[in-house]
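Biologist: I should like a close look at a single part of this model, followed by an account of what surrounds it. Please keep the geometry and the cut-offs explicit.

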Amino acid sequence: VKQWALGMVLALSGLAQTPLASVAGSIFDERGAPVIAARLSLRGEQTQLYLTKSTEQGTFRFARMGPGTYTLTIDQNGFCKLSTPSITVAAGEQKSLPRITLKVPPEGQECE
(Lines give C-alpha, C1' and ligand atoms only; values in the text may rest on other atoms or scores of the structure.)
Protein backbone atom coordinates (compact mmCIF):
# COMPACT_ATOMS: atom_id res chain seq x y z
CA VAL A 1 0.00 0.00 0.00
CA LYS A 2 2.83 2.39 0.85
CA GLN A 3 4.49 1.78 -2.54
CA TRP A 4 1.19 2.40 -4.34
CA ALA A 5 0.64 5.66 -2.40
CA LEU A 6 4.21 6.78 -3.12
CA GLY A 7 3.72 5.97 -6.81
CA MET A 8 0.53 8.05 -6.92
CA VAL A 9 2.24 11.01 -5.22
CA LEU A 10 5.12 10.85 -7.69
CA ALA A 11 2.74 10.57 -10.66
CA LEU A 12 0.65 13.52 -9.47
CA SER A 13 3.69 15.65 -8.72
CA GLY A 14 4.95 14.95 -12.24
CA LEU A 15 1.65 16.18 -13.67
CA ALA A 16 1.71 19.24 -11.46
CA GLN A 17 5.11 20.19 -12.87
CA THR A 18 3.96 20.06 -16.51
CA PRO A 19 3.79 23.70 -17.65
CA LEU A 20 0.23 24.61 -18.58
CA ALA A 21 -0.61 26.09 -21.96
CA SER A 22 -3.07 28.68 -23.19
CA VAL A 23 -4.84 29.53 -26.46
CA ALA A 24 -6.06 33.05 -27.28
CA GLY A 25 -7.57 34.83 -30.26
CA SER A 26 -10.23 37.20 -31.52
CA ILE A 27 -13.50 36.81 -33.41
CA PHE A 28 -15.02 39.34 -35.80
CA ASP A 29 -17.91 39.42 -38.23
CA GLU A 30 -17.51 40.01 -41.97
CA ARG A 31 -17.82 43.80 -41.46
CA GLY A 32 -14.97 43.80 -38.94
CA ALA A 33 -17.09 44.22 -35.78
CA PRO A 34 -16.20 42.09 -32.74
CA VAL A 35 -18.45 39.10 -32.09
CA ILE A 36 -19.51 39.43 -28.44
CA ALA A 37 -20.41 36.50 -26.14
CA ALA A 38 -19.75 33.81 -28.76
CA ARG A 39 -19.65 30.34 -27.16
CA LEU A 40 -16.30 28.63 -27.66
CA SER A 41 -15.28 25.09 -26.84
CA LEU A 42 -11.88 23.49 -27.13
CA ARG A 43 -12.10 19.69 -27.13
CA GLY A 44 -9.00 17.55 -26.80
CA GLU A 45 -8.31 14.22 -28.46
CA GLN A 46 -8.70 12.55 -25.05
CA THR A 47 -11.62 13.82 -22.99
CA GLN A 48 -10.44 17.34 -22.17
CA LEU A 49 -13.03 20.05 -22.73
CA TYR A 50 -12.53 23.76 -22.10
CA LEU A 51 -15.29 26.37 -22.44
CA THR A 52 -15.25 30.16 -22.64
CA LYS A 53 -17.03 33.14 -24.24
CA SER A 54 -15.70 36.05 -26.27
CA THR A 55 -15.44 39.46 -24.61
CA GLU A 56 -16.92 42.81 -25.71
CA GLN A 57 -13.74 43.27 -27.79
CA GLY A 58 -14.28 39.88 -29.46
CA THR A 59 -11.26 38.35 -27.74
CA PHE A 60 -11.10 34.99 -25.97
CA ARG A 61 -8.60 32.99 -23.97
CA PHE A 62 -8.44 29.41 -22.80
CA ALA A 63 -6.00 29.32 -19.88
CA ARG A 64 -4.46 26.56 -17.79
CA MET A 65 -4.74 23.85 -20.44
CA GLY A 66 -2.82 20.65 -20.74
CA PRO A 67 -0.68 20.16 -23.85
CA GLY A 68 -2.30 18.29 -26.73
CA THR A 69 -4.26 18.57 -29.96
CA TYR A 70 -7.67 20.23 -29.85
CA THR A 71 -10.69 21.13 -32.01
CA LEU A 72 -11.99 24.68 -31.57
CA THR A 73 -15.74 25.18 -32.09
CA ILE A 74 -17.38 28.62 -32.14
CA ASP A 75 -21.14 29.01 -31.98
CA GLN A 76 -23.11 32.26 -31.95
CA ASN A 77 -26.72 32.98 -32.90
CA GLY A 78 -26.99 34.63 -36.33
CA PHE A 79 -23.65 33.25 -37.53
CA CYS A 80 -22.48 30.03 -39.16
CA LYS A 81 -20.97 27.61 -36.64
CA LEU A 82 -17.22 27.23 -37.14
CA SER A 83 -15.04 24.24 -36.26
CA THR A 84 -11.25 24.24 -36.57
CA PRO A 85 -9.54 20.88 -35.92
CA SER A 86 -5.89 20.09 -35.20
CA ILE A 87 -4.87 23.00 -32.99
CA THR A 88 -1.74 21.66 -31.31
CA VAL A 89 -0.48 23.22 -28.10
CA ALA A 90 2.83 22.32 -26.41
CA ALA A 91 3.44 22.35 -22.67
CA GLY A 92 3.94 25.94 -21.52
CA GLU A 93 2.99 27.40 -24.91
CA GLN A 94 0.90 30.56 -25.11
CA LYS A 95 -0.61 30.09 -28.58
CA SER A 96 -2.17 33.07 -30.33
CA LEU A 97 -4.56 32.12 -33.15
CA PRO A 98 -4.97 34.25 -36.28
CA ARG A 99 -8.03 36.54 -36.39
CA ILE A 100 -11.23 34.51 -36.88
CA THR A 101 -14.09 35.77 -39.06
CA LEU A 102 -17.58 34.36 -38.55
CA LYS A 103 -19.88 34.37 -41.56
CA VAL A 104 -23.57 35.28 -41.59
CA PRO A 105 -25.63 32.75 -43.57
CA PRO A 106 -27.20 34.11 -46.77
CA GLU A 107 -30.77 35.30 -46.12
CA GLY A 108 -33.21 32.42 -46.10
CA GLN A 109 -30.44 29.82 -46.30
CA GLU A 110 -28.69 27.52 -43.84
CA CYS A 111 -24.96 27.45 -43.15
CA GLU A 112 -22.98 24.86 -45.07
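The chosen part and its setting are discussed below. In which strand is T84 found, and which residues does it touch, leaving aside those up to four places away in sequence?

Modeller: This is a predicted model, in which local features require pLDDT of at least 70 and side-chain atom pairs count only at pLDDT 80 or more, while totals for chains, interfaces and linings use all residues. Residues are numbered from 1 along each chain as its sequence is written, and side-chain values use heavy atoms, with hydrogens and water left out.

T84 is found in strand β6, which covers residues 82–89. Strands (E, at least two residues) and helices (H or I, at least four residues) are DSSP runs, numbered from the N terminus. With a relative accessibility of 31%, T84 is classed as partly exposed, since that class lies between buried (under 20% relative accessible area) and exposed (over 50%), computed with a 1.4 Å probe on protein chains only.

Beyond residues up to four places away in sequence, T84 touches Y70, T71 and L72; contact here means heavy atoms within 4.5 Å. One of these partners, T71, lies 13 residues from T84 in sequence, and their C-alpha atoms are 5.5 Å apart.

The strand that carries T84 pairs with β5 in the antiparallel sense over 6 bridges; two strands pair if DSSP finds at least two bridges between them. Along this pairing, T69 has T88 of β6 as its bridge partner. In general, strands of a sheet pair through backbone hydrogen bonds, either parallel or antiparallel.

Both strands belong to an open sheet of 4 strands, ordered β3-β2-β5-β6 and paired antiparallel. Its edge strands are β6 and β3 (49–53), each pairing on one side only. On average, neighbouring strands of this sheet are turned by 20 degrees against each other, direction ignored; the axes behind such angles are lines fitted to C-alpha atoms, for helices over the stretch in contact, and angles run from 0 to 180 degrees between N-to-C directions.

The loop that leads into β6 takes part in a covalent link. The structure holds 1 disulfide, a term that denotes a pair of cysteine sulfur atoms within 2.5 Å. C80 and C111 form this disulfide, with an S to S distance of 2.1 Å. The dihedral about the S-S bond is -90 degrees, and the link of C80 and C111 is left-handed. Distant parts of the chain are thereby joined, 31 residues apart: C80 sits in the loop between β5 (68–75) and β6, and C111 in the segment after β8 (100–102). C80 is buried, at a relative accessible area of 16%, whereas C111 is partly exposed, at 31%.

Charged pairs complete the local picture. Side chains of opposite charge can pair when their charged atoms come close. A search of the whole structure finds 3 salt bridges, each being a side-chain nitrogen of Lys or Arg within 4 Å of a carboxyl oxygen of Asp or Glu.

One of them involves the strand that pairs with β6: R39 and D75 form a salt bridge whose closest N and O atoms are 3.6 Å apart. This pair also links distant parts of the chain, with R39 in strand β2 (residues 39–44) and D75 in strand β5, 36 residues apart. Both ends are partly exposed, R39 at 33% relative accessibility and D75 at 29%.

A second salt bridge joins the side chains of D29 and R31, at 3.3 Å from N to O. Here D29 is buried, with a relative accessible area of 8%, whereas R31 is exposed at 75%. In the remaining pair, the side chains of K95 and E93 meet at 3.4 Å, N to O. K95 counts as partly exposed at 22% relative accessibility, and E93 is partly exposed at 26%.

Seen as a whole, the protein has 1 helix and 8 strands, and the pattern along the sequence is α-β-β-β-β-β-β-β-β. Of its 112 residues, 29% count as buried. Among contacts between residues at least 6 apart in sequence, 54% join residues at least 24 apart.

As to confidence, the mean pLDDT of the protein is 86, and 84% of its residues reach 70 or more; pLDDT is the predictor's confidence in each residue, from 0 to 100. Over residues 4–15, however, the pLDDT is below 50, and this stretch has 0 contacts in the model beyond near neighbours in sequence.
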